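Here are a few worked exercises to try with the model open in your viewer. Have a go at each task before you read the solution.

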Amino acid sequence: MKLAMIGLGKMGANMATRLIQGGHEVVGYNLETAVTDQLAQEVGLIPAYSLAEVVEKLEPPRTAWVMVPSGNPTESVVAELSQRFDAGDLVVDGGNSNYKDTIRRGKMLSDKGIAYVDVGTSGGVWGLKEGYSMMVGGSATAVAQLTPALKTLAPGAETGWGHVGPSGAGHFVKMVHNGIEYGLMEAYAEGFEILKAKEDFDLDLHQVAEIWRFGSVVRSWLLDLTANALAEDANLSEIKGYVPDSGEGRWTVFEAIDLDVPAPVITHSLFARFASRQDESFAAKLLAAMRHQFGGHAVVKAED
């Protein structure tokens with residue numbers, strides 16, 4: 001199969017590499033031409049230096065896999081492809097787009113006879129070696145057209161990926177996947193903080209993580225990665241406790257509210273990330289002030 005990979009960031013570059021290693025031809029385009037040139041030299045990527053050149057180097061029916069940041073970058077690329085592609089061509093969005101945007105874009109392309117497939121993709125920096133978990137939304141015909149690439153990118157030809165529903169379904173499932181990920185990460189983080197706080201036992205956190213990795217009901221790939229991090233620096237002394245969020249956790253909470261589904265763990269894990277970014281919490285200051293007002297409790301004064 002011949003297709004284009006638009007956006008050669010870490011994941012896009014790794015996906016292009018895995019496809020080439022699997023026998024596919026990949027036309028690659030990235031805003032930073034040095035990245036395109038490097039992949040062309042190292043893995044045999046067919047370089048392109050504009051979306052117009054991408055279209056020229058593909059034969060109908062064309063397939064372009066978009067791996068650029070969600071929001072305006074994806075919107076811009078899809079809009080330009082909609083002008084350059086013909087009926088029968090296929091656009092794939094493998095980023096973390098909001099599923100509502102995906103449904104809208106799919107309708108816009110469908111009106112022009114262009115297929116649109118959303119692929120919620122998980123695997124991170126390990127995907128090149130281990131394969132990617134892919135949640136696929138779109139028409140059966142469009143997904144069938146993309147299937148050779150999906151089988152190559154997945155951990156196994158028939159495992160780790162699936163056609164989960166119509167346009168938007170892939171990104172919806174990936175959104176909830178990431179919301180669950182937030183909750184799992186928060187549970188591990190809180191548990192290990194409790195372990196660290198019990199100074200009487202002087203626990204070796206890396207040792208505990210290694211014990212839990214085998215046979216325990218809480219074993220997981222996230223725990224494997226936690227063990228890796230603790231092996232490198234048990235006190236995480238080089239890391240600031242500032243945790244961003246890229247949107248999917250928020251969208252999952254919004255969806256839970258819209259659907260009247262209680263999701264306290266995912267919601268709390270999102271708010272914990274917000275708290276991690278505060279140098280000083282006004283709410284905490286106000287709590288201290290209220291305790292002082294009604295009970296005369298001592299307050300810790302801010303340093304001058």
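**Exercise 1: Salt bridges**

Searching the whole structure, which is a predicted model, turns up 15 salt bridges.

Task: Find the partner of K2 and work out which parts of the chain the pair links.

Solution, step by step:
- Start at K2 and look for a carboxylate: K2 forms a salt bridge with E59, and the closest N and O atoms are 3.1 Å apart.
- Now place both ends: K2 sits in strand β1 (residues 2–6), while E59 is in the loop between α3 (51–56) and β4 (63–66).
- The two residues are 57 residues apart, so this pair links distant parts of the chain.
- Check the surroundings: K2 has 23% relative accessibility and counts as partly exposed, and E59 is partly exposed too, at 49%.

**Exercise 2: Buried or exposed?**

Task: Take the salt bridge between K107 and D111 and decide whether each residue is exposed, partly exposed or buried. Then do likewise for E210 and R213.

Solution, step by step:
- In the K107 and D111 pair, the closest N and O atoms are 3.1 Å apart.
- The cut-off for exposed is over 50% relative accessible area. K107 comes in at 52%, so K107 is exposed.
- D111 has a relative accessible area of 56%, so D111 is exposed as well.
- Move on to E210, which forms a salt bridge with R213, with the closest N and O atoms 2.8 Å apart.
- Buried would need under 20%. E210 is at 25% and counts as partly exposed; R213, also at 25%, counts as partly exposed.
- One more thing to look up: E75, D93, D101, R104 and R105 are joined into one network by salt bridges that share partners.

**Exercise 3: A pair of packed helices**

Task: Describe how helix α11 and helix α12 pack, and list the residues that make the contact.

Solution, step by step:
- Which numbers do you need? Two packed helices are described by the angle between their axes and the distance between the axes.
- Helix α11 (residues 248–258) and helix α12 (residues 264–276) pack at an angle of about 140°, and their axes are 9 Å apart.
- Roughly antiparallel would take an angle over 145 degrees, so α11 is oblique to α12.
- For handedness, α11 passes α12 in a left-handed crossing.
- On the α11 side, the contact is made by G249, R250, T252 and V253; on the α12 side, by I266, T267, L270 and F274.
- Sort these by class and you get 4 nonpolar, 3 polar and 1 charged residues.

**Exercise 4: Around G170**

Task: Locate G170, decide whether G170 is buried or exposed, and list its contacts beyond its sequence neighbours.

Solution, step by step:
- G170 belongs to helix α8 (residues 169–197).
- Its relative accessibility is 0%, so G170 counts as buried.
- Setting aside neighbours within four places in sequence, G170 is in contact with D118, G120, M135, V136, G137 and V164.
- For a distance check, go to A302: G170 and A302 are 132 residues apart in sequence and 49 Å apart in space, C-alpha to C-alpha.

**Exercise 5: The whole chain**

Task: Sum up the chain in a few numbers.

Solution, step by step:
- Secondary structure comes to 13 helices and 8 strands.
- The C-alpha trace spans about 75 × 40 × 40 Å along its principal axes.
- Of the 304 residues in the chain, 40% are buried.
- Take contacts between residues at least 6 apart in sequence: 65% of them join residues at least 24 apart.

Technical notes
Residues are numbered from 1 along each chain as its sequence is written. This is a predicted model: local features need pLDDT of at least 70, side-chain atom pairs count only at pLDDT 80 or more; totals for chains, interfaces and linings use all residues. Side-chain values use heavy atoms; hydrogens and water are left out. A salt bridge is a side-chain nitrogen of Lys or Arg within 4 Å of a carboxyl oxygen of Asp or Glu. Helices (H or I, at least four residues) and strands (E, at least two) are DSSP runs, numbered from the N terminus. Buried means under 20% relative accessible area, exposed over 50%, partly exposed in between (1.4 Å probe, protein chains only). Axes are lines fitted to C-alpha atoms, for helices over the stretch in contact, and angles run from 0 to 180 degrees between N-to-C directions. Angles under 35 degrees count as roughly parallel, over 145 as roughly antiparallel, 65 to 115 as roughly perpendicular and the rest as oblique. A crossing is left-handed if the near helix is turned anticlockwise from the far one by less than a right angle, and right-handed if clockwise. Contact means heavy atoms within 4.5 Å. Ala, Val, Leu, Ile, Met, Phe, Trp, Tyr, Cys and Pro count as nonpolar, Asp, Glu, Lys and Arg as charged, and the others, Gly among them, as polar.
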